[in-house]
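Trainee: Got a minute to go through this model with me? I'd like to start with the backbone and then move on to cysteines and strands.

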Amino acid sequence: MYHQRSQLSNPPLAEVDGVPAPTTDEQAPRTLRRSSFRADTARFSSAPDSRLAGWTPGLRLLGAETRRSRTWAHIGVLVSITAIVVYGTWRIMFTMPPSGWNLVAAWVLVAFEVLPVTGLVIRAINLWNLDCSGPEPVTTVEPGLRAAVFIPTYNEPVEVIAPTIAAAVALEPAHQTWVLDDGDRPWVRELCESYGARYVRRDQHTHAKAGNMNHALGLMAAEVAAGAEPIDVIGVLDCDHVPLPHFLTATLGWFRDPELALVQAPQNYYNSGAFDDDGDTGEQGVFFHVQLPARDRAGAGTSWCGSTSFIRVSALQQIGGIATDTIVEDFHTTMLLIRAGWTSAYHHQVLALGLAPDTPEQYLLQRRRWGMGCMQVLVQERLWAAKRWLSWRGYYEYLDATVWWLEGVATVLGFMIPVVVLLSGAQVSTADPWVFMVVFVALFVIRLWGARRLYRQHLHWGTAFALRILRIPVGLACLWWLLTRRSLDFAVTPKAGAEERLRGHVPQILWWLLGLLVAVVLYAGAGVAGVVPWRTSPSSTVTAGAWVVLAGAVLVMGIRRIQAVEFATSRRNAYRVGVSAPIRVNGVDGRLLDISLGGVAIAMPTGALPSASEIELVLPGQSEPIVLEAVRVRSADDAEIASFRVRFGDWAAYRTIALWVFHTPDGVVEGLPDGTPVVALRTGRPPARVPTLVAQYGPAEAQTERRSLDG
């Protein structure tokens, strides 16, 4: 069943500015223990299903990592460290030239080769244990836990924001939903009034998202001063992050701790095949399923990541509101909260589903903003000297979180070291070329194998290498900002469809680097063949050349990913989900083929479709029909395949589809586990592997058993 909205969760009519906040039902609190780690997992099936998105196991609260996953992570990183140490020892003891410039160049190359062991040791310590905890569910409104959900929006289409607003209003327990429209769009006001959300706009659009939220906080404070009931916690959702039914019930219990200001949950994405994977693997998968659980376990807390988060209102009031001095208001606000003595927590459960960057241009725009904003925080907060107000672990984590954005610069330098060594003519190795190649390949394979297990298999190396290459222009932009300190503007990541379908544009710096590496490899090969003058031996050529070839291969992988047709721009505003389910159209049985927030594709018996341009469609589990208008109809094998769309302004139809897709009633789609939204379904060839989160945390039954033993 849908989680229907409480009658007291929102104002009866949504209005602009100055409207008194609605009252909320306050009931006697239940006695619950934060450390008991009990979440409502009964509705979520544990059976891994290859048809489902990789994030679906995270619909339950993830806590204790399986012994198998942790053991393999420990073995993997120790084997990787050992391999690098053995390789470095072999290079130093048996392959170094005797003296002079050759020896100096050899030491430079060996240092480049074994330097990663330092990072592996640090990561081994930091990621050794990932176990998290969580609170018991909150099912009624309690003093100190009264909540409002903020949804900032600017220029996104109805297909993006309607499901977020509809799902937020439908949440339990009773709460308020505030839609903060910085685009001043009348149709958004109308949509909010229809759904029962509060519409808020402002006259001065300063400081982007941070200013938008601070304006709403100011309204809230003014209303409390005038006698309205206070809001204790705000949940924050980007306008494309649709909350699931347990968004509030699973998390509000954290705020029984009076010292806690911030709770962050993972960000997962329903647009499968996005440029940065799907939040299960890729950068976001590693960050939310490995790094943040490890950081929280060590007591370093978590950073605010914008969406799918919760903040104590009184904590924000103490620090003067959300930070506006940088373009990464979330990370900067985290620093201010820590300075003020507040703590934070990580809630490892999928609570909302958003849209990841679909194209390389979207990815670059978003990452440039994050990276340069982190440079601003690094400078303004002087994080290199922040040990007096950060723990040792926190000091490392937050300093690393900013400096990491310069990785693209380090990548360029890493490419250049073997190039310079190779072109210098230095004799950097005395090993037989074939022996070196065998050792080199073995070392590389072992390092990749071990690192993947340390990151609990949330890395796909093809994606990881490609994204590292794309971070080169991001790193160079960050370095340029550090040198120039120019002013920065907040740039919103586009969510709407494009006018044309275009492949990604490769940044010019990547073509220059690839051209340089290809030229160097060709010249070295010609030199070894005796075609051109060459001053170094085949052994030394292979030693440095192997790294140059590897760098070129990684560059090619990155460029190919940028230009791949699957990451081209799309004309669609809404993501389509392939789903087979029975429906009724004008009282006649048919079959649903796919559904999006903008419409459906259906199959009907030949001649069953009416000649009219509109139909009434009843989705499985629903009683009220929605009216859709025809787009096109075609014949196929004794059936008619038709596409229909929602008429703009039919807010009830958007709401019905949104709740059916994201708050799917149990049992309406054959094979879909209870508690799993339709948007989790995937089409195409299923992956031949156990879902990463199942491998990391085990099935739900094992989690429940471990929590019972711990409790």
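Mentor: Sure. One term before we start: helices here are DSSP runs of H or I with at least four residues, numbered from the N terminus. Also keep in mind that this is a predicted model.

Trainee: Okay. Where is Arg485 found?

Mentor: Arg485 sits in the loop between α14 (461-484) and α15 (508-528). Its phi is positive, about 55°, although Arg485 is not a glycine.

Trainee: And is Arg485 partly exposed or buried?

Mentor: Partly exposed. Its relative accessibility is 47%, and the partly exposed class runs between the 20% and 50% cut-offs.

Trainee: What about Ala208, what is its phi?

Mentor: Positive again, about 50°, and Ala208 is not a glycine either. Ala208 belongs to helix α6, residues 208-225. With 24% relative accessibility, Ala208 counts as partly exposed.

Trainee: Switching to peptide bonds. Which form does the bond from Glu172 to Pro173 take, cis or trans?

Mentor: Cis. Omega is near 0° there. Pro173 is in the loop between α4 (158-169) and β2 (176-181).

Trainee: Now cysteines. How many disulfides does a search of the whole structure find?

Mentor: Zero. Take Cys374: the nearest cysteine sulfur belongs to Cys478, 7.9 Å away.

Trainee: Why is there no bond between Cys478 and Cys374?

Mentor: Because 7.9 Å between the sulfurs is too far for a bond. The cut-off for a disulfide is within 2.5 Å.

Trainee: Are those two cysteines buried or exposed?

Mentor: Cys374 is buried, at 7% relative accessible area. Cys478 is buried too, at 0%.

Trainee: On to strands. How many bridges pair β14 with β15?

Mentor: Four, in the antiparallel sense. Strand β14 covers residues 614-618 and β15 covers residues 626-635. Glu614 stands opposite Glu629 in β15.

Trainee: And which way do β15 and β16 run, parallel or antiparallel?

Mentor: Antiparallel, with seven bridges joining them. Strand β16 spans residues 639-646. Leu628 has Val646 in β16 as its bridge partner.

Trainee: How many residues lie between the strands in the hairpin of β15 and β16?

Mentor: Three. In that hairpin, Asp637 takes a positive phi near 50°.

Trainee: Last one. In a regular strand, where do the side chains go?

Mentor: They alternate between the two faces of the sheet.

Note on methods: Residues are numbered from 1 along each chain as its sequence is written. This is a predicted model: local features need pLDDT of at least 70, side-chain atom pairs count only at pLDDT 80 or more; totals for chains, interfaces and linings use all residues. Side-chain values use heavy atoms; hydrogens and water are left out. Helices (H or I, at least four residues) and strands (E, at least two) are DSSP runs, numbered from the N terminus. Buried means under 20% relative accessible area, exposed over 50%, partly exposed in between (1.4 Å probe, protein chains only). Two strands pair if DSSP finds at least two bridges between them.
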